[in-house]
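Could you walk me through this structure in plain language? A short briefing with bullet points, sorted by topic, would be ideal.

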There are 2 protein chains.
Amino acid sequence: MPNNFLEKARELVRHTGDRATHHRIRTLATLLAEQHALTHREIEERLNVKEQLDRVTLYRVLEWMSKKNLVHKIAGDDRVWRFRVNTELHSHQHAHFVCTRCTKVTCLADFKIKPLPSLPIGYLFHETELTVKGLCAECI
Amino acid sequence: MPNNFLEKARELVRHTGDRATHHRIRTLATLLAEQHALTHREIEERLNVKEQLDRVTLYRVLEWMSKKNLVHKIAGDDRVWRFRVNTELHSHQHAHFVCTRCTKVTCLADFKIKPLPSLPIGYLFHETELTVKGLCAECI
DNA sequence: GTAAATTTGCAACTAAGTTGCATTTGAGTA
DNA sequence: TACTCAAATGCAACTTAGTTGCAAATTTAC
């Protein structure tokens with residue numbers, strides 16, 4: 001883990017105004033270093049190489065980061081949440097790619113759908129989420 | 001449960017070539033009678049009013065229906081699968097509405113996104129799934 | 001009506017995520 | 001630097017959706 005990820009993570013955590021704890025900083029640094037969305041288990045594996053951290057604590061750290069908009073959660077067909085750092089401000093129309101073989105999740109550029117599929121009468125639109133399924137480069 | 005749903009269900013199950021069992025027919029009839037996607041638990045509640053059916057059997061019936069393209073499964077943010085009868089042939093660009101208050105899932109008309117968000121080099125597109133989030137008429 | 005394969009019911013299991021509570025720690029203050 | 005206290009952590013126990021293995025029941029073809 002290069003130092004600059006830890007530095008960047010510390011700064012981001014500090015900036016929330018909440019406590020800048022060891023676990024929060026280490027967890028965020030791990031996510032900053034990743035190109036893809038990670039599951040709780042994958043993060044745990046990466047973090048527990050050098051020091052231990054409790055799985056419940058990690059759940060709570062991730063929950064906290066999500067609430068603070070440092071990361072976003074992606075629901076998968078395997079009933080597992082994946083977490084990805086928020087690089088820029090996400091719009092209300094976000095897109096993900098999911099590899100149907102290795103389940104790896106990659107964030108795509110935001111997009112616009114016009115027109116949206118029309119909603120039943122009385123329904124209120126808030127946001128859209130587009131999931132593109134296929135095979136990633138390593139799985140073809 | 002009107003008789004015609006049971007008749008329609010029996011015909012659809014027969015048409016697969018596999019065994020037309022009591023549970024398969026009753027389960028499909030229940031889904032045919034619904035406007036919205038249902039969870040395993042919701043289907044169980046509706047089915048167990050008059051006769052009992054084992055929850056594992058229901059999981060297997062739903063799995064079988066999905067494989068036979070009688071229904072499609074929708075993954076939700078609550079880690080629960082929802083099932084909806086396939087009214088017509090679904091395209092490879094399907095859309096759902098999810099109410100963020102009551103979690104009810106409604107199928108929307110299929111749609112086209114052009115252009116698709118561009119994929120990383122070497123990635124292969126297969127299908128898209130659009131989730132529109134907001135509030136349904138009853139929750140506003 | 002009988003036989004053979006498929007389906008069902010039951011019990012036990014898996015795995016992600018949650019809750020309650022006692023202990024520890026970050027960070028502001030003396 | 002030490003002190004304080006709310007916030008964060010670790011641990012054990014729990015919840016819930018979904019899965020697996022196997023013996024018993026059911027469907028359908030003959």
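Here is a friendly tour, going from one whole chain to the DNA strands and then to single residues. Please keep in mind that this is a predicted model. Chain A has four helices and six strands, and in chain B we will look at how two helices pack. Two DNA strands, C and D, have protein residues around them.

**Chain A as a whole**

- Start at the N terminus of chain A and the elements come in the order α-α-β-α-α-β-β-β-β-β.
- The C-alpha trace of chain A spans about 50 × 40 × 25 Å along its principal axes.
- Chain A contains 140 residues, and buried residues make up 42% of them.
- Take the contacts in chain A between residues at least 6 apart in sequence: 50% of these join residues at least 24 apart.

**Around DNA strand C**

- DNA strand C is surrounded by 22 residues, and the closest are Arg55(A), Arg19(B), Arg24(B), Thr57(B) and Arg60(B).
- Of the atoms of DNA strand C that come within 4 Å of the protein, sugar and phosphate account for 60%.
- Four helices each supply at least two residues of the surface near DNA strand C: helix 3 (40–47) and helix 4 (55–67) of chain A, and helix 2 and helix 4 (55–67) of chain B.
- Sorted by class, the residues of this surface near DNA strand C are seven nonpolar, four polar and 11 charged.
- Trp81(A) uses its backbone here: one of its backbone N or O atoms lies 2.9 Å from a phosphate oxygen of DNA strand C.
- Thr21(B) places a polar side-chain atom 2.8 Å from a phosphate oxygen of DNA strand C, and a polar side-chain atom of His23(B) lies 3.1 Å from a phosphate oxygen of that strand.

**Around DNA strand D**

- How many residues surround DNA strand D? There are 21, and the closest are Arg19(A), Arg24(A), Thr57(A), Arg60(A) and Ala20(B).
- Among the atoms of DNA strand D within 4 Å of the protein, 60% belong to sugar or phosphate, and the rest belong to bases.
- Two arginines have a side-chain atom by the phosphates: a polar side-chain atom of Arg24(A) lies 2.7 Å from a phosphate oxygen of DNA strand D, and an N or O atom in the side chain of Arg41(B) is 2.9 Å from a phosphate oxygen of DNA strand D.
- With Arg60(B), the partner is a base: an N or O atom in the side chain of Arg60(B) is 3.2 Å from a base oxygen of DNA strand D.
- Helix 2 (22–32) and helix 4 of chain A, together with helix 3 and helix 4 of chain B, are the elements that give two or more residues to the surface near DNA strand D.
- The surface near DNA strand D has seven nonpolar, four polar and 10 charged residues.

**Two helices packing in chain B**

- Two packed helices are described by the angle between their axes and the distance between the axes.
- In chain B, helix 2 (residues 22–32) packs against helix 3 (residues 40–47) at an angle of about 110°, and their axes are 10 Å apart.
- Angles from 65 to 115 degrees count as roughly perpendicular, so helix 2 and helix 3 of chain B are roughly perpendicular to each other.
- Where they meet, helix 2 of chain B brings Arg26(B), Thr27(B), Thr30(B) and Leu31(B), while helix 3 of chain B brings Ile43(B), Arg46(B) and Leu47(B).
- By class, this contact has three nonpolar, two polar and two charged residues.

**Three residues to look at**

- Is Thr27(B) buried or exposed? Thr27(B) has 0% relative accessibility, so this residue of helix 2 of chain B counts as buried.
- Setting aside neighbours within four places in sequence, Thr27(B) is in contact with Ile43(B), Leu47(B), Leu58(B), Val61(B), Leu62(B) and Met65(B).
- Arg60(A) lies in helix 4 of chain A and, at 60% relative accessibility, counts as exposed.
- Arg60(A) and His23(A) are 37 residues apart along the chain, and their C-alpha atoms are separated by 10 Å.
- Asn86(B) sits in the loop between strand 3 (81–85) and strand 4 (93–99) of chain B.
- Buried means under 20% relative accessible area, so Asn86(B), at 19%, counts as buried.
- The side chain of Asn86(B) reaches the backbone oxygen of Asn69(B) at 3.0 Å.
- Leaving aside neighbours within four places in sequence, the contacts of Asn86(B) are Asn69(B), Leu70(B), Val71(B) and His72(B).

Key:
Residues numbered from 1 in each chain as written. Chains lettered and ligands numbered in written order. Predicted model: local features only at pLDDT ≥ 70, side-chain atom pairs only at ≥ 80, totals over all residues. Heavy atoms only, no water. Axes fitted to C-alpha atoms, helices over the stretch in contact; angles between N-to-C directions. Parallel < 35°, antiparallel > 145°, perpendicular 65-115°, else oblique. Contact = heavy atoms within 4.5 Å. Nonpolar A, V, L, I, M, F, W, Y, C, P; charged D, E, K, R; others polar. Near = heavy atom within 4 Å. Polar contact = N/O pair within 3.5 Å; in protein donor to acceptor, adjacent residues only side chain to side chain. Buried < 20%, exposed > 50% of the residue type's maximum accessible area, 1.4 Å probe, protein only.
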